[in-house]
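Thanks for coming. I will go through one structure this morning, part by part. Please look at the display before I start.

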Amino acid sequence: MTLTQDSTPMPATTPTPATTPMPRIGDKAPAFTAKSTQGDVSFPEDFAGSWVIFFSHPADFTPVCTSEFMTFASMQDEFAALNTKLLGLSVDGLFSHIAWLRTIKERIEFNGMKDVEVTFPLIEDITMEVSSKYGMIMPGESSTQAVRAVFIIDPEAVIRAIIYYPLSMGRNFDELKRAIIALQTADQHAVATPADWRPGDRVIVPPAGSCGTAKERMEGAEEGVECVDWFFCLKDVEPAGR
Ligand code: BEZ
């Protein structure tokens, strides 16, 4: 840090996209417009009212990414049933995206999937403008490719969960679906989900906010609520998507 003549601290460098703070859970998802394999995308307007899984992948025509795209595409209806849309990004150009998705449909078989058509938008980000806004470029891993980032964004365009994987590791799609169901279930019933929660398991009731409620709960006064201790109470709810 240097000082100006009137002793005001002056930053040594102007912030660049790479030093833009990453959006965090609870922040509004940064808005952007981009070209995609399904036409121009304006985020968040084009996704109003839906949950969104916005994810980045390192590069087209790479095997792990190919396996992930086939899996995303084959689960698209399951996500749609959870009011969830998919949106992909890599720093490759649009023609590369188009050629890669055509190759996937025409030639690639994986895990029993074949003839897979990717119909969700894959945006191009050659300038890294969008990936930089979202903290998808991690120079320690690669300064020329995005890592495998996942942003789960709610219908109000608020970021609700962020998951990162390195280049070498394909994502766990059961976990992505479980995360959407857990977030939606928590919202619908004002509850939380315990470790390793699966849809259908009991959920956590928010802790008692007064000594009176704590006592009532321990005495079994709240129907359907079972307390292990006053602060640790569980109940059954209908999970989202059923
Ligand atoms: C892949 O998708 O296979 C991949 C991409 C970048 C680095 C390593 C693997």
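Which residues make a nonpolar surface patch of about 510 Å²? They are M218, V228, W230, F231 and F232. Keep in mind that this is a predicted model.

Let me take M218 from that patch. M218 lies in helix 6. Its relative accessibility is 44%, so M218 counts as partly exposed. The cut-offs behind that word are under 20% for buried and over 50% for exposed, with partly exposed in between.

Now the sheet. This is an open sheet of three strands, and the order is 10-12-11, with antiparallel pairing. Strand 10, residues 203-205, and strand 11, residues 226-229, stand at the edges. Each of these two has a single partner strand, so one side of each is left without a neighbour in the sheet. On average, neighbouring strands here are turned by 40 degrees against each other, if we ignore direction.

What packs on this sheet? Helix 6, residues 211-218, does, and it touches strand 10, strand 11 and strand 12. The direction of helix 6 makes about 110 degrees with that of strand 11. M218, from the patch, is in this helix.

Next, the pairings one by one. Strand 10 and strand 12, the latter being residues 232-235, run antiparallel and are joined by three bridges. If you want a place to look, find I204, which stands opposite L234 in strand 12.

On the other side of the pairing list, strand 11 and strand 12 are also antiparallel, over three bridges. Here the bridge partner of D229 is F232, in strand 12. F232 is also one of the patch residues. How many residues does the hairpin from strand 11 to strand 12 pass through? The hairpin joins them through two residues.

The last item is a glycine in another part of the chain. Where is G170 found? G170 sits in the loop between strand 9, residues 159-165, and helix 5, residues 173-189. Is G170 buried, partly exposed or exposed? The relative accessible area of G170 is 34%, so G170 is partly exposed.

As for what G170 touches, we leave aside its neighbours within four places in sequence. That leaves contacts with V64, E68, R148 and Y165. For a distance, take G39, which is 131 residues from G170 along the chain. The C-alpha atoms of G170 and G39 are separated by 27 Å.

That is the end of my part.

Notes:
Residues numbered from 1 in each chain as written. Predicted model: local features only at pLDDT ≥ 70, side-chain atom pairs only at ≥ 80, totals over all residues. Heavy atoms only, no water. Pairing = 2+ DSSP bridges. Helix = DSSP H or I, 4+ residues; strand = E, 2+ residues; numbered from the N terminus. Axes fitted to C-alpha atoms, helices over the stretch in contact; angles between N-to-C directions. Contact = heavy atoms within 4.5 Å. Buried < 20%, exposed > 50% of the residue type's maximum accessible area, 1.4 Å probe, protein only. Patch = residues over 30% accessible without salt bridge, like charges linked within 9 Å, V, L, I, M, F, W, Y side chains within 5 Å. Areas by Shrake-Rupley, 256 points an atom, 1.4 Å probe, with all protein chains shown as cover. Salt bridge = Lys/Arg side-chain N within 4 Å of Asp/Glu carboxyl O.
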